[in-house]
Amino acid sequence: HCEQVDASGISGDYRGLATSIDVYPDTDPSRNISTWKVGVSYYDATNKSLKYAVYKCPPLDFCKWMIYTVDESAIPRDDIGRYTSLKFDLTGAPNIAYYSQVKSGWFMAHSVKRAYLVGDGTGNCGDGNNWQFEIVDSSIFPLGLYPSLDIDYNGAFSIAYYDQYNKA
């Protein structure tokens with residue numbers, strides 16, 4: 001079964017390295033059913049932003065993809081959200097590690113960032129959004145590429161990434 005998640009602009013494309021998928025067992029005690037929550041994080045090349053899509057089934061069982069803009073910038077030279085890595089935490093909340101390149105004075109700041117959802121996450125970036133952000137590491141030299149996120153059984157997260165300047 002193949003399904004297109006987001007048909008707007010150029011989404012999910014960054015040389016095949018832009019998307020990440022995770023699943024989480026989701027239960028609905030009111031209906032006594034168990035389902036799987038499916039999430040996808042990806043790079044929106046048209047808007048140079050990070051997006052997240054989740055497959056939701058409201059109470060009437062009409063399932064659909066809900067798409068959210070997680071992180072973006074109004075500055076055209078900024079490039080946010082390439083090389084994503086998505087993991088659901090112990091509560092089923094999405095956590096995304098990603099690469100960010102933003103203009104900082106005369107330099108470009110390269111960062112590996114982590115976005116995580118708190119609350120119900122009913123809005124997009126800048127619109128009542130419940131996404132929180134952390135800069136894990138940052139430099140004027142290229143680092144943070146190809147992040148890989150993991151969350152252990154205690155809820156602690158780890159992120160591995162490539163430091164292009166130091167080749168490590």
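Colleague: How do E5 and E6 pair, parallel or antiparallel?
Modeller: Antiparallel, over seven bridges. This is a predicted model, by the way.

Colleague: Noted. What stands opposite Phe88?
Modeller: That's Pro94, in E6.

Colleague: And how many residues sit between the two strands of that hairpin?
Modeller: Five. In the turn, Gly92 has a positive phi of about 90 degrees.

Colleague: Which sheet do these strands belong to?
Modeller: An open one made of four strands, in the order E5-E6-E7-E8, with antiparallel pairing. E5 and E8 (131-139) are at the edges with a single partner strand each, so each has one side without a neighbour in the sheet. On average, neighbouring strands here are turned by 25 degrees against each other, if you ignore direction.

Colleague: What about the other end, how many bridges between E7 and E8?
Modeller: Eight, and that pairing is antiparallel as well. Arg114 stands opposite Glu134 of E8 there.

Colleague: Back to E5. It's an edge strand, but how many of its residues are buried?
Modeller: Nine of the ten, so E5 is largely enclosed by the rest of the structure.

Colleague: Give me one residue from it. Where does Tyr83 lie, and is it buried or exposed?
Modeller: Tyr83 lies in E5. It counts as buried because its relative accessible area is 4%, and the cut-off for buried is under 20%.

Colleague: How far apart are Tyr83 and Gly144?
Modeller: In space, 9.1 Å from C-alpha to C-alpha; in sequence, 61 residues.

Colleague: Let's switch to Gln101. Which strand is that in?
Modeller: E6. Gln101 is buried too, with a relative accessible area of 18%.

Colleague: What does its side chain pair up with?
Modeller: The side chain of Tyr99, through a polar contact of 2.9 Å.

Colleague: And which residues does Gln101 touch farther along the sequence?
Modeller: Leaving out anything up to four places away in sequence, Gln101 touches Arg77, Asp78, Asp79 and Arg82, plus Met108, Ala109 and His110.

Colleague: OK, the core. Which residues of the largest nonpolar core touch the most other members?
Modeller: Leu50, Tyr52, Val70, Ile96, Tyr98, Ala115 and Trp131, out of 14 residues in that core. As for where the core comes from, E3 (49-56), E4 (64-71), E5 (79-88), E6 (94-104) and E7 (107-117) each supply at least two of its residues.

Colleague: I was looking at backbone torsions too. What's phi at Lys48?
Modeller: Near 50 degrees, so positive in a residue other than glycine. For context, most residues other than glycine have a negative phi.

Colleague: Where is Lys48, and is it buried or exposed?
Modeller: Lys48 is in the loop between E2 (33-44) and E3. At 32% relative accessibility, Lys48 counts as partly exposed.

Colleague: What's phi at Tyr146?
Modeller: Near 55 degrees, again a positive value in a residue other than glycine. Tyr146 is in a strand, namely E9 (residues 143-151). Its relative accessible area is 42%, so Tyr146 is partly exposed.

Colleague: Since you mention E9, how does it pair with E10?
Modeller: In the antiparallel sense, over six bridges, with E10 covering residues 157-163. One of the matched pairs is Leu149 with Ile159 of E10.

Colleague: How many residues lie between E9 and E10?
Modeller: Five, and the two strands form a hairpin. Gly155 in the turn has a positive phi of about 90 degrees.

Colleague: Zooming out, how many helices and strands does the chain have?
Modeller: Zero helices and ten strands.

Colleague: How much of the chain counts as buried?
Modeller: 40% of its 168 residues.

Colleague: And what's the exposed area?
Modeller: About 9700 Å², with carbon and sulfur atoms supplying 53% of it.

Colleague: Last one, what share of the contacts is long in sequence, say at least 24 apart?
Modeller: Among contacts between residues at least 6 apart in sequence, 46% join residues at least 24 apart.

Terms used: Residues are numbered from 1 along each chain as its sequence is written. This is a predicted model: local features need pLDDT of at least 70, side-chain atom pairs count only at pLDDT 80 or more; totals for chains, interfaces and linings use all residues. Side-chain values use heavy atoms; hydrogens and water are left out. A nonpolar core is a set of buried Ala, Val, Leu, Ile, Met, Phe, Trp, Tyr and Cys residues joined through side-chain atoms within 4.5 Å. Buried means under 20% relative accessible area, exposed over 50%, partly exposed in between (1.4 Å probe, protein chains only). Contact means heavy atoms within 4.5 Å. Accessible areas come from the Shrake-Rupley method with a 1.4 Å probe; for residues, only the protein chains shown count as cover. A polar contact is a pair of N or O atoms within 3.5 Å; within protein, one must be able to donate a hydrogen and the other to accept it, and residues adjacent in sequence count only if both atoms are side-chain atoms. Two strands pair if DSSP finds at least two bridges between them. Axes are lines fitted to C-alpha atoms, for helices over the stretch in contact, and angles run from 0 to 180 degrees between N-to-C directions.
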